[in-house]
Amino acid sequence: MDIHDLIDEVIAREGGYSNHPADRGGPTNMGITLGVARANGYAGEMQAMPRAMAEGIYRRLYWDRPGYAFVAEMSWPIAAELFDTGVNMGVATATGFLQRALNALNRNQQDYPDIKVDRAIGARTLAALRAFRTLRGASGDTVLLKAMEALQGERYVALAEQRPANEAFLYGWLANRIG
């Protein structure tokens, strides 16, 4: 599996054009909102947005820019989760989940130092992930993924509690984004 496969999966999951009245993103195609499309140079109608444009946006904004390829060099499952969560909740939120989980799993800094939850992939986050995987091995990915998904699930519930219109999306978020 590679980034092209992840992009194909997210486009399939997000579907085509939609303009749900409860969706604050407004007109959306292949999971790309009007605002994101415009900010990335697309000026046409959202219904007609080319797939290549969506693919480029996903690659640039949700893989290359946040540095998830560096994570993939250590752990493909963690990188894939960061990408998917980043698409749905923003890369800063996704990266924050990873950092929080790494801090919670370091046994009070016995295994590696806490890292600042700055919501950006950098040398310290990568070092913490490397140390975690050195200690726990590839099977540690399963536990780290559970911690990240627990944080994500809690955030989805909180979003629905804070804005009742989001209840329209909660079931789908939990069914398609967690586990």
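Me: What makes the 41 residues of the largest nonpolar core one set?

Reply: In this predicted model, a nonpolar core is a set of buried residues of the kinds Ala, Val, Leu, Ile, Met, Phe, Trp, Tyr and Cys, joined through side-chain atoms within 4.5 Å. The largest such set has 41 residues, and Tyr58, Phe83, Leu102 and Leu144 have the most contacts inside it. Two or more residues each come from α1 (3-14), α3 (51-64), α4 (68-74), α5 (76-89), α6 (91-104), α7 (123-136) and α8 (140-162).

Me: Why is the core that includes Ala22, Met89, Phe97 and Phe169 called separate?

Reply: Membership of a core requires a link through side-chain atoms within 4.5 Å. The second core, of nine residues, is a separate set, and Ala22, Met89, Phe97 and Phe169 are among its members.

Me: Which residues is Leu102 in contact with, leaving aside its neighbours within four places in sequence?

Reply: Contact requires heavy atoms within 4.5 Å. With those neighbours left aside, Leu102 meets this criterion with Tyr112, Ile115, Thr125, Ala128, Leu129, Phe132 and Leu144.

Me: How do you know that the buried residues of α9 line one face of the helix?

Reply: A residue is buried when its relative accessible area is under 20%. In α9 (residues 167-177), Phe169, Leu170, Trp173 and Arg177 satisfy that condition. Viewed down the axis of α9, these buried residues fall within an arc of 120°, so they line one face. An α-helix has 3.6 residues a turn, so residues three or four places apart point the same way.

Me: What does each side of α9 meet or carry?

Reply: The buried residues of α9 pack against α1, α5 and α8. Ala168 and Tyr171, on the face turned away from the buried side, are exposed, a term that requires over 50% relative accessible area. Just after α9, Gly179 takes a positive phi of about 65°.

Me: What makes the protein as compact as a globular protein of its length?

Reply: The protein contains nine helices and two strands, in the order α-β-β-α-α-α-α-α-α-α-α from the N terminus. Its radius of gyration is 17 Å, close to the 16 Å that the globule rule gives for 179 residues, so the protein is as compact as a globular protein of that length. Along the principal axes, the C-alpha trace spans about 55 × 35 × 25 Å.

Me: How much of the protein counts as buried, and what supplies the area that it exposes?

Reply: Of the 179 residues, 44% count as buried. The protein exposes about 9,200 Å², with 52% of that area supplied by carbon and sulfur atoms.

Technical notes:
Residues are numbered from 1 along each chain as its sequence is written. This is a predicted model: local features need pLDDT of at least 70, side-chain atom pairs count only at pLDDT 80 or more; totals for chains, interfaces and linings use all residues. Side-chain values use heavy atoms; hydrogens and water are left out. Buried means under 20% relative accessible area, exposed over 50%, partly exposed in between (1.4 Å probe, protein chains only). Helices (H or I, at least four residues) and strands (E, at least two) are DSSP runs, numbered from the N terminus. The arc is that of the directions from the helix axis to the C-beta atoms. The radius of gyration is taken over C-alpha atoms; the globule rule is 2.2 Å times the number of residues to the power 0.38. Accessible areas come from the Shrake-Rupley method with a 1.4 Å probe; for residues, only the protein chains shown count as cover.
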